[in-house]
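Reader: I would like to learn how to read a structure such as this one, feature by feature. Could we go through it together?

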Amino acid sequence: MENYFRVRGVPYTQETMYFPESVKQNIANLGVAQMPTVQLGDGRWMTDTTAMIQWFETQIPEHRIIPDDPAQRFLCLLLEDYADEWLWRPAMHYRWYYPKGAYLLSRHLVDELVRNLPAPKALLRWNLRRRQRGGYTAGDGVGPEAVAGTEAIYGRTLEQLEHIFSQRDFLLGSKPSLADIGFSGPFFRHFAFDPIPLEILRQQAPATLAWVARLWAYAPSKGGEWVEGIPNDIGPILDEIGRAYLPYLNANVDAVAAGKKTFDATIDNVPYRGARYSRYRVWCLAQLRAELEAMAAPARPQVEELLNRHGCLDPLYARSELPLLPDQEAGLPFNGSTKMVGVNE
Ligand SMILES: N[C@@H](CCC(=O)N[C@@H](CS)C(=O)NCC(=O)O)C(=O)O
């Protein structure tokens with residue numbers, strides 16, 4: 001969200017959320033407790049980066065980061081969703097699995113987020129490590145047999161991005177798009193911040209590390225252009241989405257439809273055991289379909305051909321019924337109905 005505000009030249013101040021006060025405040029203001037939240041100058045509260053960015057795009061027409069070209073627009077939305085909802089998995093893994101990350105980040109987060117709880121800091125840190133592993137790594141499908149496969153996602157991502165950022169400054173050209181902002185989610189505060197993935201990034205993908213900083217330093221006055229159409233070197237990311245992310249979304253749809261709060265799924269040969277179901281991610285899949293269906297000819301058949309070439313079209317439509325709640329997420333970005341994973345249900 002900060003990268004978005006900087007790229008768009010939106011002035012903001014950052015404030016810490018405190019546990020447990022901010023959780024109560026979030027629920028009262030927004031219906032869900034998650035970060036980041038944004039308070040507008042008129043006092044209104046907002047949640048969910050994806051929905052907030054789309055809302056800000058409608059409010060500030062000049063220098064939009066969602067392209068008008070329908071194929072590029074769809075690509076941006078797909079890459080944003082993938083980076084936000086799937087690359088987050090290796091990001092959480094690296095942060096909480098290895099003691100080096102878990103000790104550093106539990107110290108950092110407890111020092112920053114907890115001020116009034118009358119408990120020893122060491123206990124709070126231990127409890128946070130337990131909570132995060134139980135909610136987001138081992139307790140969200142990444143058991144011992146999924147560790148190597150989860151780390152391989154990061155390795156391939158670095159190869160894909162390094163190739164791109166050795167050729168040009170941003171994913172679609174010489175200025176950022178929503179796709180860059182989506183990838184900044186896992187990169188800016190996770191891969192380029194946490195000790196283990198940062199060391200890998202430094203050694204294996206220096207051009208990608210430079211992109212993290214370049215995005216942070218971008219301002220609308222710097223200008224730039226997008227290329228025409230979809231660059232071929234995005235293809236390997238689309239292959240990955242077709243092989244892994246969309247099949248995961250389908251396994252999640254099956255779990256939500258069956259009311260199974262945890263599920264097992266082998267995705268791209270990686271056995272995830274006891275992954276948490278996510279109602280929010282059913283909505284993500286529905287949004288991607290709706291975007292494609294809203295596209296007119298000739299863009300739609302061209303995009304479908306591209307998706308098909310990279311194994312994304314079949315898994316996008318592999319489930320006929322999506323088990324959405326009535327009006328699910330209709331209140332976003334001013335009111336949320338579900339959290340990212342099912343920890344509030
Ligand atoms: N879809 C939301 C997800 C936000 C989210 O889940 N944020 C995490 C921290 S990065 C969170 O607040 N988790 C709440 C918790 O652990 O209880 C978005 O993109 O804003």
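Author: Let us begin with the shell around the ligand in this predicted model. The residues of that shell divide into four nonpolar, two polar and four charged.

Reader: Which residues surround the ligand?

Author: The ligand is surrounded by Gln34, Met35, Asp48, Thr49 and Asp84, together with Arg131, Tyr136, Tyr280, Lys339 and Met340.

Reader: How should I read the polar contacts of the ligand?

Author: A polar contact is a pair of N or O atoms within 3.5 Å, and one looks at which part of the residue supplies the atom. From Tyr136, a polar side-chain atom lies 2.6 Å from an oxygen atom of the ligand, whereas Met35 places a backbone N or O atom 2.7 Å from a ligand oxygen. Asp48 has a polar side-chain atom 2.9 Å from a nitrogen atom of the ligand. Of the 510 Å² of accessible area that the ligand has on its own, the protein covers 78%.

Reader: Where in the chain does Asp48 lie, and what is the sign of its phi?

Author: The general idea comes before the case: most residues other than glycine have a negative phi, and most peptide bonds are trans. Asp48 lies in the loop between β2 (45–47) and α3, and its phi is positive, about 80°, although Asp48 is not a glycine. Asp48 counts as buried because its relative accessible area is 8%, and buried means under 20%.

Another residue other than glycine with a positive phi is Asp327, where the value is near 55°. Asp327 is found in the segment after α15, and, with 65% relative accessibility, Asp327 counts as exposed.

Reader: Which peptide bonds here are cis?

Author: One of them is the bond from Met35 to Pro36, with omega near 5°, and Pro36 sits in the loop between α2 (21–30) and β1 (37–39). Another is the bond from Leu332 to Pro333, also cis with omega near 5°, and Pro333 lies in the segment after α15.

Reader: Which residues does Met52 touch?

Author: Leaving aside residues up to four places away in sequence, Met52 touches Met1, Pro36, Val38, Met46, Thr47 and Pro333, so that list includes both of the prolines that follow the cis bonds just described. Met52 itself lies in helix α3 and is buried, with a relative accessible area of 0%. Along the chain, Met52 and Ala257 are 205 residues apart, and their C-alpha atoms are separated by 28 Å.

Reader: How should I read a whole helix, taking α13 as the case?

Author: A general point helps here: an α-helix has 3.6 residues a turn, so residues three or four places apart point the same way. Helix α13 covers residues 279–293, which is 15 residues, and reaches 22 Å from its first C-alpha to its last, close to the 21 Å expected at 1.5 Å a residue. At the N-terminal end, Ser278 caps α13, with a side-chain oxygen 3.4 Å from the backbone nitrogen of Tyr280, and Tyr280 is also one of the residues that surround the ligand.

Reader: Is α13 largely enclosed or open, and why?

Author: Helix α13 is largely enclosed by the rest of the structure, because eleven of its 15 residues are buried. Among the buried residues are Tyr280, Trp283, Cys284, Leu288 and Leu292, as well as the arginines Arg279, Arg281 and Arg289. The buried residues of α13 pack against α3 (49–59), α4 (70–85) and α5 (88–97), and also against α12 (235–257), α14 (299–309) and α15 (313–316).

Reader: How do I tell whether a residue in some other helix is buried or exposed?

Author: One compares its relative accessible area with the cut-offs, where buried means under 20%, exposed means over 50%, and partly exposed lies in between. Ser184, in helix α9 (residues 178–191), has 7% relative accessibility and so counts as buried. Beyond residues up to four places away in sequence, Ser184 touches Asn3, Arg189, Trp211 and Leu215. Arg107, in helix α6 (residues 99–113), is partly exposed at 44%. Lys24, in helix α2, counts as exposed at 60% relative accessibility.

How values were computed
Residues numbered from 1 in each chain as written. Predicted model: local features only at pLDDT ≥ 70, side-chain atom pairs only at ≥ 80, totals over all residues. Heavy atoms only, no water. Near = heavy atom within 4 Å. Polar contact = N/O pair within 3.5 Å; in protein donor to acceptor, adjacent residues only side chain to side chain. Areas by Shrake-Rupley, 256 points an atom, 1.4 Å probe, with all protein chains shown as cover. Nonpolar A, V, L, I, M, F, W, Y, C, P; charged D, E, K, R; others polar. Helix = DSSP H or I, 4+ residues; strand = E, 2+ residues; numbered from the N terminus. Expected span 1.5 Å × (residues − 1). Buried < 20%, exposed > 50% of the residue type's maximum accessible area, 1.4 Å probe, protein only. Contact = heavy atoms within 4.5 Å.
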